Amino acid sequence: MQWIDQNTWPRAEHFALFSGVSNPFYSTTFRVDVTNLYEYTKARGISFYYSLTYLVSHAINQVENFRYVLEEGKVGLLERRIPSFTDMKKGSDLFHIVSMGCEGTMEEFCRAAREKSMTQVGLLDQSAETSQLIYISCLPWMDLTGCTNERDLDPDDTIPRITWGKFVSEGERKTLGMSVEVNHRLVDGIHIGQFYQHLQKAIDQLH
C-alpha cells in the first residue's frame, strides 16, 4: 500500500467536493464488443465468464484511480485489486461468491476459478473480504441496460462493482452491456473510459 499525501495530491479538491455529499456513488452502463472473446473461448473450451472476469480485473488494475482506497480518513493506492465474483454450481439456483487472485494466463485462471468455485463450501469466505476486491457479477439471462448494487451507504466504500449481461448478436458482432459502479470521490468518468479502452483493446487483441 502506498499512502497518498493529500496536501500535494492533484485530486484533493475533487475528493473534497464529492466527500461533501451523502451518496457519492454513481454507475454507468456501456456496450463492449466481445466477438473475439466469444470465438477465443469457444475454440479453447474455456469459460467465457471466467475469461471476461480475468480481462476485467487486468483492465481495472491498469487505471490508477480504480486502485485508490480509503482507510481511517487516509487515501492509499493498492498495488492491485483482485476479483470477487458470483458463480453458480450446476443444478443450483443459488449463487456463491468466489474471491481469488488473478494469476497466470487467462487459461490458467479459468482452470483455477472453476476448481475453487466447485470446491467452495458456503456463500463466501469472510477472510477474503477486504477493500482490495472488485465485486463482479453477471446476469446471463438478459441484455443488461443498467444496474445498481446493494451496499451500506459508507462513503469510504471504494470497491468497484462491475456487472454484465448476456451477449447479443449485432450483425456479425457480439456485444454485451456492462455496468460499472464507483465512488466519485476517487473515480471520474474519464477513468471509467480508460478502463473500457483497456478492456476493449485486450479483447480485440485475442487471437
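In this predicted model, three strands form an open sheet in the order β1-β4-β3, and the pairing is antiparallel. β1 (2-3) and β3 (68-71) stand at the edges. Each has a single partner strand, so one side of each is left without a neighbour in the sheet. In general, strands of a sheet pair through backbone hydrogen bonds, either parallel or antiparallel.

Take the two pairings in turn. β1 pairs with β4 (residues 74-77) over 2 bridges, in the antiparallel sense. Within that pairing, tryptophan 3 has glycine 76 of β4 as its bridge partner. β3 is joined to β4 by 4 bridges, and these strands also run antiparallel. Here glutamate 71 stands opposite lysine 74 in β4.

**The β3-β4 turn**

What lies between β3 and β4 in their hairpin? There are 2 residues between the strands. Glutamate 72 lies in this loop. Its phi is near 50°, a positive value in a residue other than glycine. Most residues other than glycine have a negative phi. Is glutamate 72 buried or exposed? Its relative accessibility is 80%, and exposed means over 50%, so glutamate 72 counts as exposed.

**Helix α5 and its packing**

Helix α5 covers residues 189-204, which makes 16 residues. At 1.5 Å a residue the helix should span 22 Å. The C-alpha atoms at its ends are 22 Å apart, so the model agrees with the expected span. Which residues of α5 are buried? They are His191, Ile192, Phe195, Leu199, Gln200 and Ile203. These buried residues pack against two helices, α2 (35-44) and α3 (48-61). They also pack against the strands β2 (25-33), β8 (161-165) and β10 (173-183).

One of those packing partners, α2, holds threonine 35. Threonine 35 has a relative accessible area of 4%; buried means under 20%, so this residue is buried. Neighbours within four places in sequence aside, threonine 35 is in contact with Glu172, Arg173 and Lys174.

**Pocket and cavity**

The largest pocket holds about 1000 Å³ of space. Its lining has 41 residues, and the closest to the pocket centre are Thr86, Phe95, Ile136, Ser137 and Cys138. Which elements give two or more residues to this lining? They are α3, β5 (82-88), β6 (95-99), β7 (133-139) and β8. Two of these elements, α3 and β8, also pack against the buried residues of α5.

The structure also holds 1 cavity of 30 Å³ or more. The space in the largest cavity is about 50 Å³. Asn65, Phe66, Tyr68, Thr158, Ile159, Pro160, Val182, Asn183, Leu186 and Val187 line this cavity. Tyr68 is in the lining, and β3 spans 68-71. Val182 and Asn183 line the cavity too, and β10 spans 173-183.

The linings break down by residue class as follows.

| Space | Volume | Nonpolar | Polar | Charged |
|---|---|---|---|---|
| Largest pocket | about 1000 Å³ | 20 residues | 10 residues | 11 residues |
| Largest cavity | about 50 Å³ | 7 residues | 3 residues | no residues |

How many charged residues does each lining have? The pocket lining has 11, whereas the cavity lining has none.

Conventions:
Residues numbered from 1 in each chain as written. Predicted model: local features only at pLDDT ≥ 70, side-chain atom pairs only at ≥ 80, totals over all residues. Heavy atoms only, no water. Expected span 1.5 Å × (residues − 1). Buried < 20%, exposed > 50% of the residue type's maximum accessible area, 1.4 Å probe, protein only. Contact = heavy atoms within 4.5 Å. Pairing = 2+ DSSP bridges. 1 Å grid on protein atoms, 1.4 Å probe; cavity = no way out; pocket = protein on both sides within 12 Å on 5 of 7 lines; lining within 4 Å. Points joined across faces, edges and corners; volume = space filled by probe spheres on them. Nonpolar A, V, L, I, M, F, W, Y, C, P; charged D, E, K, R; others polar.
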